[in-house]
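Me: Please take me through a close look at a single part of this structure, and keep to what can be read from the atoms. I would like one connected account rather than a list.

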Amino acid sequence: MSQPDWDDIPSNPSNTTPFNEVVAQLKGRRQFIKTGLGASALSFLGLGAGLLPTQIRAQTSTAPSSQTLGFGFEPLGPSTADAITLPKGYAHQVINRWGDPLFDYSPAFKGDATDGGAEQALQVGFNHDGMHFFPIDAQLGGGQSSTEGLLVTNHEYITPHFFFPEGVVPGNANWNGDWVLKSQHAQGASVVHMRLVDGRWQAVLDSPFNRSINATTPMRVVGPAAGHALMQTSADPSGQWAVGTFGNCGNGWTPWNTYLTCEENFTDYFGVGTQNPAQADYPDAATQAHMERYKGANKEASEDYRWDTHDSRFNWTQEPNEANRFGWIVEIDPFDPHSAPKKLAALGRFKHENAAWTLAPDQRVVVYMGDDQRSEYIYKFVSKNAFNPETPALNRLLLDEGVLYVAKFHGSTAQEEDLAGQGEWVALTLDTPTLDGKKLGDLFQDMGELLIKTRQAADAVGATPMDRPEWVAVHPQTKEVYTTLTNNSHRGSDKERWPNGLKHPTADGPNPRNENKYGQIVRWREQGADPTALRFEWDVFVLAGNPNVYEEGDSRRGSATITAQNTFNSPDGLAFDQQGRLWIQTDGNYSDRDEYLGQGNNSMLIANPASKEIHRFLVGPKGCEVTGITWTPDQRYVFINIQHPGEGQSIEDAQKQPNAVSTWPDGAQSTRPRPATVVIWREDGGQVGA
Ligand code: FEO
Ligand code: CA
Ligand code: CA
Ligand code: CA
């Protein structure tokens, strides 16, 4: 198998040139010769700002070229402190910790974690992840406020040894239905109205907007899978009303000011109740194949949840279709606290990480998404209809209907050598040809079934398996798309991959390391800079990790811009600020081992997309990951999340002493660490990162 020589891959033309010259360059290049880009994309950059939210203006404004991006802070090295570490001149505040009140009548958090299900429903959830700040005036289509807004935050999962009191372990003798309810109420998303008062951010506890959206919240299913036979359960014969959301990982938001929460590891919540898993039978071979494609051979719920013991809808032997109602992206209107969130079937069903939108020159909405499991795929959705700021009610329907595509990265095999660095999007529609000469319509009865089985459809057309696709981010000026491929311990191994019977693929162009521990960031440029294009060019932006573990000249060697000072592994969260700085958040497990060059705790770094310079901006407390990022419109405040501080000890040890690794954020007197949001600002009042 041939490996591309990284030095031969053309560097991003946007690195060094203004956008109009980029367009000219693109037009001159081999694969872009026939494109019609030009006037339409350029006029898009001048899109009228009057009716649009601040963030859209930011996405389309003329900003300094990446060459001149400022990084006005002294970069940090690695750290193992149990604290938030920031560059000189920056300050932070911890807000919205797990258990903090959502309402003025919420019960106070109990430090020994003895609060039950009813209390948790009135408190901030656990393990914060994706997040977005909606300026309070955004509901009217503006969105200027940088001092007041709705902060919507995902709560991905719970860590039982921190979340439950001593002696309570999912499934053990002390386990009961109320602990299940507590767990269900702590996952989903919270809406908290925040206001800046005398330089400190405060939750507005009597706000009508505050809300817990969790595993018990009723929601509508919209799009081609709504009402499908595979979506019907005994509690919902209509197949159109699902209950709850959980496993809420990364996020997105929309130009019409709704929030997107992405259901990731939903399969972990389904099991066989008190039955012996070895004796539990699948209802039929088709259900078995479908369930295994989404989880693997494991029939059991994760030992972290065990909802299946007290809530029969999580027992798949009783409700085999319930799991089909999860694995979607959910749209929430934070400004209407009584609205039912919508599960967006048109965007596909898989282990969603985040959702990054951009507008095409014709104003159709494009949403990029990754499926975070080893050797899974990257997708994009293109809406059928166009965004129009003057028809807000119609905008609300834009994600109900469109075409889902999956990415093929060429250059992975010797036969494809001359295609190295190119890629294509394959539509997941019924008339699309499969690798074996059929059509997707021969494999799936209708679009509902195809979307419920998105992974199987992507397998059939030969999508490229990637190293655990996490977040995607779109450059605000150039529209270049970046994605974190966090790691893939199984690439090149003989372990079984879940398209039944297959092994994990060996290293290829965008995934150049077998048993990849460190991860990489890959980027692509759509043909003609049009996000709806069917072809793209890609290259590897950075190979993370220890630059010294491979020989000089080895294509697996870490990127040249990685040093002992800024080394990191397992990139995960990813977002651009308005000027085009790329903010990278890490979720590595190996930080202090030698092979990781002493990378320290997980951190947040900022990259210059042009020069590939990377500066460490923040280091999190012990055992955490850093995830979720959003700014106030004036970019004077950045909000980030600290998820699972204190993880890393054995469950037995953690049960006995949950504060042994970390006591962040409450300090030495606290019995356990608490996930929380951190808001960061520059003491001189300037823009963060600049
Ligand atoms: Fe929830 Fe893929 O991280
Ligand atoms: Ca993640
Ligand atoms: Ca994680
Ligand atoms: Ca991760």
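Reply: Helices here are DSSP runs of type H or I with at least four residues, strands are E runs of at least two, and both are numbered from the N terminus. The model is a predicted one, and every value below is computed from it. By that numbering Gln456 is found in helix α11, and this residue leads into a neighbouring region before the account turns to the calcium ions.

Gln456 counts as buried because its relative accessibility is 17%, and buried means under 20%. Leaving aside residues up to four places away in sequence, Gln456 touches His290, Arg293, Tyr294 and Phe444. It also lies 9.8 Å from Ala289, C-alpha to C-alpha, although 167 residues separate the two in sequence. Helix α7, which spans residues 285-295, has His290, Arg293 and Tyr294 among its buried residues, together with Thr287, Glu292 and Lys295. The cover over these buried residues includes α11 (454-460), as well as α10 (447-452) and β15 (374-376). At the start of α7, a side-chain oxygen of Asp284 comes to within 3.1 Å of the backbone nitrogen of Ala286, and the residue that follows the helix, Gly296, has a positive phi near 110°.

The part that deserves the closest look is the group of calcium ions. The calcium ion (ligand 2) is coordinated through OE atoms of Glu353 and Glu470 and through OD atoms of Asp572, at 2.3 to 2.7 Å. Along the chain these donors follow the spacing E-x116-E-x101-D. Of these residues, Glu353 in strand β13 (residues 352-359) and Asp572 in strand β24 (residues 571-576) are 219 residues apart, so that the pair links distant parts of the chain. Glu353 is classed as buried because its relative accessibility is 1%, and Asp572 is likewise classed as buried because its value is 3%.

The calcium ion (ligand 4) takes its protein donors from Glu470 (OE), Asp572 (OD) and Asp587 (OD), which lie 2.3 to 2.4 Å from the ion. Their spacing in sequence is E-x101-D-x14-D. Glu470 acts as a bridge between the calcium ion (ligand 4) and the calcium ion (ligand 2), and those two ions are 3.8 Å apart. Glu470 sits in strand β20 (residues 469-474), whereas Asp587 sits in the loop between β25 and β26, 117 residues away, and this pair too links distant parts of the chain. Both Glu470 and Asp587 are buried.

For the calcium ion (ligand 3), the coordinating atoms come from Asp587 (OD) and Glu625 (OE), at 2.2 to 2.4 Å. The pair again connects distant stretches, with Asp587 in the loop from β25 (582-586) to β26 (603-607) and Glu625 in strand β28 (residues 625-631), 38 residues apart. Asp587 is placed in the buried class because its relative accessible area is 16%, and Glu625 is placed there because its value is 4%. The distance between the calcium ion (ligand 3) and the calcium ion (ligand 2) is 5.0 Å.

Asp587 also belongs to the pocket description. The largest pocket has a volume of about 1,500 Å³, and of the 48 residues that line it, Tyr157, Arg468, Asp587, Asn589 and Glu647 lie nearest its centre. By class, that lining consists of 10 nonpolar, 20 polar and 18 charged residues.

Arg468, named in that lining, has a backbone feature worth checking. Most residues other than glycine have a negative phi, and most peptide bonds are trans. The phi of Arg468, however, is positive, near 55°, and the residue lies in the loop between β19 (466-467) and β20. Arg468 is described as partly exposed because its relative accessible area is 22%. Gln635 likewise has a positive phi, near 60°, and is placed in the loop between β28 and β29 (637-643), but Gln635 is described as buried because its relative accessible area is 1%. A further backbone point concerns the peptide bond from Trp664 to Pro665, which is cis with omega near 0°; Pro665 is found in the loop between α12 (651-656) and β30 (676-682).

Technical notes. Residues are numbered from 1 along each chain as its sequence is written. Chains are lettered from A and ligands numbered from 1 in the order in which they are written. This is a predicted model: local features need pLDDT of at least 70, side-chain atom pairs count only at pLDDT 80 or more; totals for chains, interfaces and linings use all residues. Side-chain values use heavy atoms; hydrogens and water are left out. Donors are N, O and S atoms within 2.8 Å of the metal (3.2 Å for Na, K and Ca); water is not among the atoms, so sites may look incomplete. Buried means under 20% relative accessible area, exposed over 50%, partly exposed in between (1.4 Å probe, protein chains only). On a 1 Å grid over the protein atoms alone, a cavity is a set of points where a 1.4 Å probe fits but cannot get out, and a pocket is an open set with protein on both sides within 12 Å along at least five of seven lines; lining residues have an atom within 4 Å of a point. Grid points are joined across faces, edges and corners, and a volume is the space filled by probe spheres set on the points. Ala, Val, Leu, Ile, Met, Phe, Trp, Tyr, Cys and Pro count as nonpolar, Asp, Glu, Lys and Arg as charged, and the others, Gly among them, as polar. Contact means heavy atoms within 4.5 Å. A polar contact is a pair of N or O atoms within 3.5 Å; within protein, one must be able to donate a hydrogen and the other to accept it, and residues adjacent in sequence count only if both atoms are side-chain atoms.
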